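Okay, thanks everyone, I'll keep this short. Have a look at the model on the screen, and I'll walk you through a few spots that I picked out.

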Amino acid sequence: MSLKILKFGGTSVGSAEALRRATAIVHQELPEGGLVVVSALRGTTDCILDACAAAGRGDLVTAQALLTALQTRHQEVAGELGHLEDIQADWDPLFARLDQFLTGMAMLGEAPLRARDGALAVGETLSAHLAARCFGGSFHEVREVMKTDGRFGKARPLLRAIREAAAPWRSALSEGPLWVTQGFLGSSPEGVTTTLGRGGSDTSATLLGEALGAEEVQIWTDVDGVLTADPSLVREARPIPQMSLSEAEALSAFGAKVLHADSLAPGGRAGFRLVVANTHRPGASRTEILPVPPARPAGAVTSV
C-alpha cells in the first residue's frame with residue numbers, strides 16, 4: 001500500500017467549522033487510511049507563549065488566566081463538534097501539565113526554553129486528540145519517532161534515528177489504519193520534548209514522509225497552492241499547477257511564505273510528491289512540487 005500523509009496547519013483546524021472541512025478532506029483523500037499531521041488550533045501557540053512570558057515574569061495570575069481562556073476555547077470547539085465528553089479524559093492531564101509548567105516558571109521567575117518547549121507541546125497534543133476523533137482515526141505520539149538533538153526552541157532532526165524509530169510505524173501503517181499525530185514536536189536523545197522552530201509542522205510532515213516511505217505529502221493551508229506572485233501585492237497572482245523542487249527552494253529562499261525551506265529538503269532526499277492545497281477551497285487549484293522539473297514551454301516564467 002502506498003502511503004499518503006496530510007498536514008493541516010493552525011488555520012485549517014482553528015475552529016469547529018475548519019475541523020469539519022478538514023474531516024471531509026481526510027475522508028476524500030485517505031479512504032484507505034494514512035497519516036495526518038496537525039498543528040495546534042489557531043492562536044493556541046501564541047496564547048501559550050504569552051502565558052509562558054507572564055509566568056517567567058512571576059505573573060502567575062495572568063498566566064493562569066490565559067490558561068483558563070485556552071481551556072474554555074478548546075472545550076467550546078469540542079462541544080460544538082460533539083466530542084467534549086469523550087475527549088475530556090485525554091485533555092485533563094494535558095491542561096494539568098501546562099498548569100505545572102506555568103507554576104514552575106513563575107516560581108523560577110524565568111521561562112527556560114526547555115520548559116517552554118514542553119508547554120508548547122500541550123497545544124499540539126490537544127489538537128491532535130481532537131482531530132483524531134473528528135477524522136475517525138487514532139492518536140499516535142509523534143515524539144516516538146521524531147528524534148532530534150537537544151537544542152530547545154529550534155531542534156535539529158536526527159535523520160538516521162528518525163528512520164530507525166519509524167520502523168514500527170511503517171509496518172503498522174501498511175495495514176491501512178488512519179493515524180493522527182502532532183506537528184512541530186520532537187524528542188531529544190534524553191527523551192525530553194523539543195520543538196523544530198519556524199515551519200516546524202510542515203517540516204514534521206515531510207520528515208515523516210521521508211522516514212515512512214510516503215508516496216505523497218499534502219500540505220493543507222489557506223492559499224490555492226504556490227502562486228505566481230505575492231497575492232497581497234499582485235491581485236492577478238494565480239496558482240502554479242506544477243513546479244520542481246529546485247524552483248520551490250528558490251522561491252522559499254527569496255521569501256515565499258507558503259513553504260519553509262526546511263520542509264522541502266526531505267522531498268529532495270526521498271523523492272516523494274509534495275502537494276500544496278487550500279483547506280477552505282479543496283476543489284480549487286493546487287500545486288504539485290515534483291522531484292524533477294515538469295514539462296513546460298521553453299522560457300516559461302513560473303513566478304515573480
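Let's start at glycine 136, which sits just after H5 and takes a positive phi of about 80°. Before I go on, a reminder that this is a predicted model.

So, H5 itself. The helix covers residues 113–135, which makes 23 residues. From its first C-alpha to its last it reaches 33 Å, close to the 33 Å expected at 1.5 Å a residue. How many of the 23 residues of H5 are buried? The count is 19, so H5 is largely enclosed by the rest of the structure. Cysteine 134, for one, counts as buried at 13% relative accessibility.

That leads into the core. The largest nonpolar core has 83 residues, and Phe8, Phe135 and Leu208 are the ones with the most contacts inside it. Which element gives this core its largest share? That's H5, with 12 residues.

Now take phenylalanine 8 from that list. Leaving out neighbours within four places in sequence, phenylalanine 8 is in contact with a run of valines, Val13, Val26, Val36, Val37 and Val38 among them. Its contacts also include Ala22, Trp220 and Thr279. Keep those three in mind, please, for the next residue.

Serine 12 is in the loop between strand E1 (4–8) and helix H1 (16–29). Is serine 12 buried or exposed? Buried, with a relative accessible area of 0%. Setting aside residues within four places in sequence, serine 12 is in contact with Ala22, Trp220 and Thr279, and phenylalanine 8 has Ala22, Trp220 and Thr279 among its contacts too. Serine 12 also contacts Ala18, Leu19 and Thr221.

Staying with helix H1, threonine 23 is found there. Threonine 23 is buried as well, with a relative accessible area of 13%. What does threonine 23 touch, not counting residues up to four places away in sequence? Cys134 and Phe135. Both of those numbers fall in the 113–135 range of H5. For a longer-range distance, the C-alpha atoms of threonine 23 and threonine 181 are separated by 15 Å, and the two are 158 residues apart along the chain.

Next, a backbone oddity. Phenylalanine 184 has a positive phi of about 80° although it is not a glycine. Where does phenylalanine 184 lie? In the loop between strand E4 (178–182) and strand E5 (185–187). Phenylalanine 184 is buried, with a relative accessible area of 13%.

Another loop residue is alanine 214, between helix H8 (200–212) and strand E7 (216–221). Alanine 214 is buried at a relative accessible area of 10%. Its contacts, leaving aside neighbours within four places in sequence, are Leu3, Ile5, Gly209 and Phe272. Alanine 214 and glycine 271 are 57 residues apart in sequence, and C-alpha to C-alpha they are 9.2 Å apart in space.

For a loop residue with a less covered setting, go to glycine 58, between helix H2 (44–56) and helix H3 (60–80). At 44% relative accessibility, glycine 58 counts as partly exposed. Its C-alpha is separated by 18 Å from that of arginine 97, which is 39 residues away along the chain.

Someone will ask about cysteines. How many disulfides does the structure hold? The count is 0. Take cysteine 52, which is buried with a relative accessible area of 1%. Why is there no bond for cysteine 52? Because the closest cysteine sulfur, in cysteine 47, is 9.7 Å from its own, and that is too far for a bond.

Last, let's zoom out. The secondary structure comes to 10 helices and 10 strands. The radius of gyration is 19 Å, close to the 19 Å that the globule rule gives for 304 residues, so the protein is as compact as a globular protein of that length. Along the principal axes, the C-alpha trace spans about 65 × 45 × 40 Å. Buried residues make up 51% of the 304. Of the contacts between residues at least 6 apart in sequence, 75% join residues at least 24 apart. As for the surface, the protein exposes about 13,500 Å², and carbon and sulfur atoms supply 52% of that.

That's my tour, thanks for listening.

Definitions and conventions: Residues are numbered from 1 along each chain as its sequence is written. This is a predicted model: local features need pLDDT of at least 70, side-chain atom pairs count only at pLDDT 80 or more; totals for chains, interfaces and linings use all residues. Side-chain values use heavy atoms; hydrogens and water are left out. Helices (H or I, at least four residues) and strands (E, at least two) are DSSP runs, numbered from the N terminus. Buried means under 20% relative accessible area, exposed over 50%, partly exposed in between (1.4 Å probe, protein chains only). Contact means heavy atoms within 4.5 Å. A disulfide is a pair of cysteine sulfur atoms within 2.5 Å. The expected span of a helix is 1.5 Å times one less than its number of residues. The radius of gyration is taken over C-alpha atoms; the globule rule is 2.2 Å times the number of residues to the power 0.38. Accessible areas come from the Shrake-Rupley method with a 1.4 Å probe; for residues, only the protein chains shown count as cover. A nonpolar core is a set of buried Ala, Val, Leu, Ile, Met, Phe, Trp, Tyr and Cys residues joined through side-chain atoms within 4.5 Å.
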